[in-house]
Amino acid sequence: MLNLNRILLAFFFALSGLNAIASDDEIKGQEEAILTDAPNVPPAITRTHATKVIVNLEVKEVKKRMADGVEYVFWTYGGSVPGKFIRVREGDVVEFNLQNHPSSKVPHNIDLHAVTGQGGGAGASFTAPGHSSKFSFKAINPGLYVYHCATAPVAMHIANGMYGLIYVQPKKDLPKVDKEFYVMQGDFYTKGKYSAPGLQPFDMEKAIDEHPTYIVFNGSVGSMTGDNAIKAKVGETVRFYFGVGGPNIASNFHVIGEIFDRVYPEGGTKLINENVQTTIVPPGGSTIVDFKLEVPSTLILVDHALTRTFNKGSLGMLKVEGAEDKEIYSGKQLDEVYQPEGSGIQNMPDEKAPKVVTAKTTADRIKLGAAIYTNNCLACHQGNGTGIKAAFPPLAKSDYLNGNKELAIETVVHGRSGELTVNGEKYNSVMPAQQLNDEEIANVLTYVYHQWDNSKKVVTPAEVKKIRDQKK
Ligand code: HEC
Ligand SMILES: [Cu+2]
């Protein structure tokens, strides 16, 4: 008798337990998903029950800007790279409609890493140009998932931009933040070199060798710099939903000038790491990072494998405006001469000190200047003098440089900071004063003036000295 009672009791509790799950997971009503283009994220879902979510996503092959003067035919989910951000809630049933625009050249499909089922939906969504496919899945696992095309050759479809993120919001969502951003990194392979102008075709050989020409955030060089920079205010907390489409290159995601207060490694929802500088994100993987903005600055988003950032494009900016807090960050407090004893800068003459090579002709000056340029200027202003959009102004055909020799000399002698307009583009950064002598500055500037269709001015050491002396 006692046993039977126990069994009945257990049965009763089991039933009530089942009921609790059933009511939470019971599908009530339906709605169409709000889809957004990067860097925007759909609003948080506030409903507390599961529903049927209808996603309509259109695949389009479009010609778009890869970098200034460079175009590429991207294959997209929704018209841009990365594809539309999809947000659903844990427990929702998603009805997925994939349309392939009639102008597409090839069939496409979608493999969502949030799907439990054959191929993540790939087979069920295989869609010829001018057709539409439908399948549905239940979003059982919360987290941030990559989706991508899985039509052969898969790596090529991904290399052309076919990826995006789907966030399955946990029943109990992550803590609220003030602003959310959507960023994806991808590697691109073009026949021409980085920045080679015109419409660039895909290069399969470079892709197989994993030698990307471009590694960028949100589908192009400069997608989040200058006027496109994302913005927030001091005091706000921000969250990045960050993913890597690849196809091949993992990201060492880092924000210069901030620390991730919280990281949800690999886009999962269980583990939280705190106080992280750089987090690694594999192709086909993601991460969620949160941080509070304490002081105004321009934060720089990078792949910390830095030649990718300075030579292949993976650079973004988050402009933070608001009041300074000099205790958290003072800015420069001192700039004075440092000459430890025996450093020999003023304690001449030293027989062993290398003699300054003096150029006798303009040709000499240009030749000596070329080496100085490579060692002292190239890292920022680039080998071809084009600079980097919104970060380092161009020296090639620069109206600032070509317009006024004295200003150019002053820039190199004393460095400069603050707002500056070159060829109509605004810069607001810091150029450090160059530790070069008068002869060397004359040489490097003469070299620069004789490159890239510049105005062929000649700068002499006497002119440099004059400007150096003026500010003393
Ligand atoms: C660490 C990066 C860096 C290095 C190295 C550097 N610059 Fe600059 N340069 C800048 C930045 C940033 C600016 C814009 C500063 C501003 O916004 O006020 C600039 C501005 C200039 C300008 C004026 C703007 C223009 O485009 O005409 C000249 C000329 C110039 N630099 C020349 C040089 C030369 C020559 C060298 C090497 C001797 C050099 N720079 C090295 C970062 C750098
Ligand atoms: Cu495809």
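Helices and strands are DSSP runs, with a helix of type H or I spanning at least four residues and a strand of type E at least two, numbered from the N terminus. In these terms, P39 is placed in the loop between β1 (27-32) and β2 (50-67). The structure is a predicted model. Its protein chain contains 10 helices and 23 strands, and the domain assignment divides the chain into domain 1 (26-169), domain 2 (179-321) and domain 3 (362-470).

**Overall architecture**

- Taken along the principal axes, the C-alpha atoms of the protein chain fill a box of roughly 110 × 55 × 35 Å.
- The centres of domain 1 and domain 3, taken over C-alpha atoms, are separated by 47 Å.
- Of the 472 residues in the protein chain, 38% are buried.
- When contacts between residues at least 6 apart in sequence are considered, 69% of them join residues at least 24 apart.

**The four-strand sheet**

- An open sheet with mixed pairing is formed by four strands in the order β4-β9-β8-β6.
- Its edges are β4 (86-89) and β6 (111-112); each has a single partner strand, so one side of each is left without a neighbour in the sheet.
- The pairing of β6 with strand β8 (residues 143-148) is antiparallel and comprises two bridges.
- Within this pairing, D111 has H148 of β8 as its bridge partner.

**The six-strand sheet**

- Six strands build an open sheet in the order β12-β10-β14-β19-β16-β17, again with mixed pairing.
- The edge positions belong to β12 (214-217) and β17 (273-276), and because each has a single partner strand, one side of each is left without a neighbour in the sheet.
- Neighbouring strands of this sheet are turned against each other by 25° on average, with direction ignored.
- Strand β10 (residues 179-188) and β12 run antiparallel and are joined by four bridges.
- One residue pair in this arrangement is Q185 with F217, its bridge partner in β12.

**Pairing of β15, β20 and β21**

- Strand β15 (residues 251-256) runs antiparallel to strand β20 (residues 297-303), and four bridges join them.
- Here F253 stands opposite D303 in β20.
- β20 also pairs with β21 in the antiparallel sense, over six bridges.
- In that second pairing, I300 has M317 of β21 as its bridge partner.

**Surroundings of S314**

- S314 is located in the loop between α4 (306-311) and β21 (315-321).
- The residue is classed as buried because 27 other C-beta atoms lie within 10 Å.
- Leaving aside residues up to four places away in sequence, S314 touches Q185, I215, V216, F217, V302, D303, R308 and T309.
- Among these contacts are both members of the β10-β12 bridge pair, Q185 and F217, as well as D303, the residue opposite F253.
- S314 and G219 are 95 residues apart in sequence, while their C-alpha atoms are 9.8 Å apart in space.

**Ligand environment**

- Of the 30 residues around ligand 1, those that come nearest are C377, C380, P393, L401 and M431.
- By class, the shell consists of 20 nonpolar, nine polar and one charged residues.
- At least two residues of the shell are supplied by each of the helices α6 (378-381), α7 (399-403), α8 (405-414) and α9 (438-449).
- The strands β22 (416-422) and β23 (425-431) likewise supply at least two residues each.

**Backbone geometry of note**

- A38 and P39 are joined by a cis peptide bond with omega of about 5°.
- A second cis peptide bond runs from G246 to P247, with omega near 20°; P247 is placed in the loop between β14 (237-246) and β15.
- S195, although not a glycine, has a positive phi of about 80°.
- S195 is found in the loop between β10 and β11 (198-199), and it counts as buried because 20 C-beta neighbours lie inside 10 Å.
- N218 is not a glycine either, yet has a positive phi of about 50°.
- N218 lies in the loop between β12 and β13 (230-233), and it is buried because 22 other C-beta atoms lie within 10 Å.

Definitions and conventions
Residues are numbered from 1 along each chain as its sequence is written. Chains are lettered from A and ligands numbered from 1 in the order in which they are written. This is a predicted model: local features need pLDDT of at least 70, side-chain atom pairs count only at pLDDT 80 or more; totals for chains, interfaces and linings use all residues. Two strands pair if DSSP finds at least two bridges between them. A residue is near a molecule or strand if its C-beta atom, placed from the backbone, lies within 6 Å of it. Ala, Val, Leu, Ile, Met, Phe, Trp, Tyr, Cys and Pro count as nonpolar, Asp, Glu, Lys and Arg as charged, and the others, Gly among them, as polar. Axes are lines fitted to C-alpha atoms, for helices over the stretch in contact, and angles run from 0 to 180 degrees between N-to-C directions. A residue is buried if 20 or more other C-beta atoms lie within 10 Å of its own, exposed if 12 or fewer, and partly exposed in between; C-beta atoms are placed from the backbone. Two residues are in contact if their C-beta atoms, placed from the backbone, lie within 7 Å. Domain bounds come from an automatic or database domain assignment.
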